[in-house]
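Here is a short, friendly tour of one model. Have the sequence and the 3D view ready as you read.

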Amino acid sequence: CVPMGVETERRGRVLIVSLHREDKRNAIDRELADGVEAALNTLEDDPDLWVGILTGTATVFSAGTDLKQPSSPATERGGEYGVIRRVRAKPLIVAVEGYALGGGMEIVLAADLVVASTTARFGLPEVARGILPTCGGLFRAARALPLNIAKELLLTGDQLSPQRAYELG
């Protein structure tokens, strides 16, 4: 049984950061944001580490903000979720299985590289409820995707498959 929260593992010069709150679809609460912040601070501050990998569980990357939170939990160095507004000198890779929705998609958009399994699904479904993705999705989607696709995701809340994302570059 894996404990809830954030786990880290060093493999040579790589720091693997895993979200473990699967029963809540890895929704980011204060505890998870603080755990990601601490892990990514270690990555940035340790000269023996060269790259970070952020991942979820085998069934879900992240559903974004825990809706029981008053807002997206932010941290001192990383901003929302401990990662969105972080100034990084080292590359961050996200490894996605299952859903990366809402803030989970915004974390994906903040990364340097995305590795996605065939089970991955990306989207900003909050727009279907009249909520804007204000943790970076509004501007990063248009930078990472063709403008018409970014607009489609931002206006409809539709999801993007990993195959389609791959085809779009």
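## A nonpolar surface patch

Leu 132, Leu 138 and Phe 139 make up a nonpolar patch on the surface, sharing about 270 Å² of accessible area (Shrake-Rupley method, 1.4 Å probe, only the protein chains shown counting as cover). Patch residues have over 30% relative accessible area and no salt bridge, with nonpolar side chains joined within 5 Å and like charges within 9 Å; a salt bridge is a Lys or Arg side-chain nitrogen within 4 Å of an Asp or Glu carboxyl oxygen.

Leu 138 sits in helix α3, residues 137–144. Because its relative accessibility is 41%, Leu 138 counts as partly exposed, a class between buried (under 20%) and exposed (over 50%).

## About the model

This is a predicted model, where local features need pLDDT of at least 70 and side-chain atom pairs pLDDT 80 or more, while totals for chains, interfaces and linings use all residues. Residues are numbered from 1 along each chain, and side-chain values use heavy atoms, without hydrogens and water.

## The β1–β2 hairpin

Strands β1 (residues 5–11) and β2 (residues 14–20) pair antiparallel over 7 bridges; pairing takes at least two DSSP bridges. Helices (H or I, at least four residues) and strands (E, at least two) are DSSP runs numbered from the N terminus. Glu 7 faces Ser 18 of β2. With 2 residues between the strands, the hairpin has Gly 12 at a positive phi near 65 degrees.

## The largest nonpolar core

This core has 37 residues, and Val 94 is one of those touching the most other members. Core members are buried Ala, Val, Leu, Ile, Met, Phe, Trp, Tyr or Cys residues joined through side-chain atoms within 4.5 Å. Helix α1 gives the most, 6 residues.

Conventions: Buried means under 20% relative accessible area, exposed over 50%, partly exposed in between (1.4 Å probe, protein chains only).
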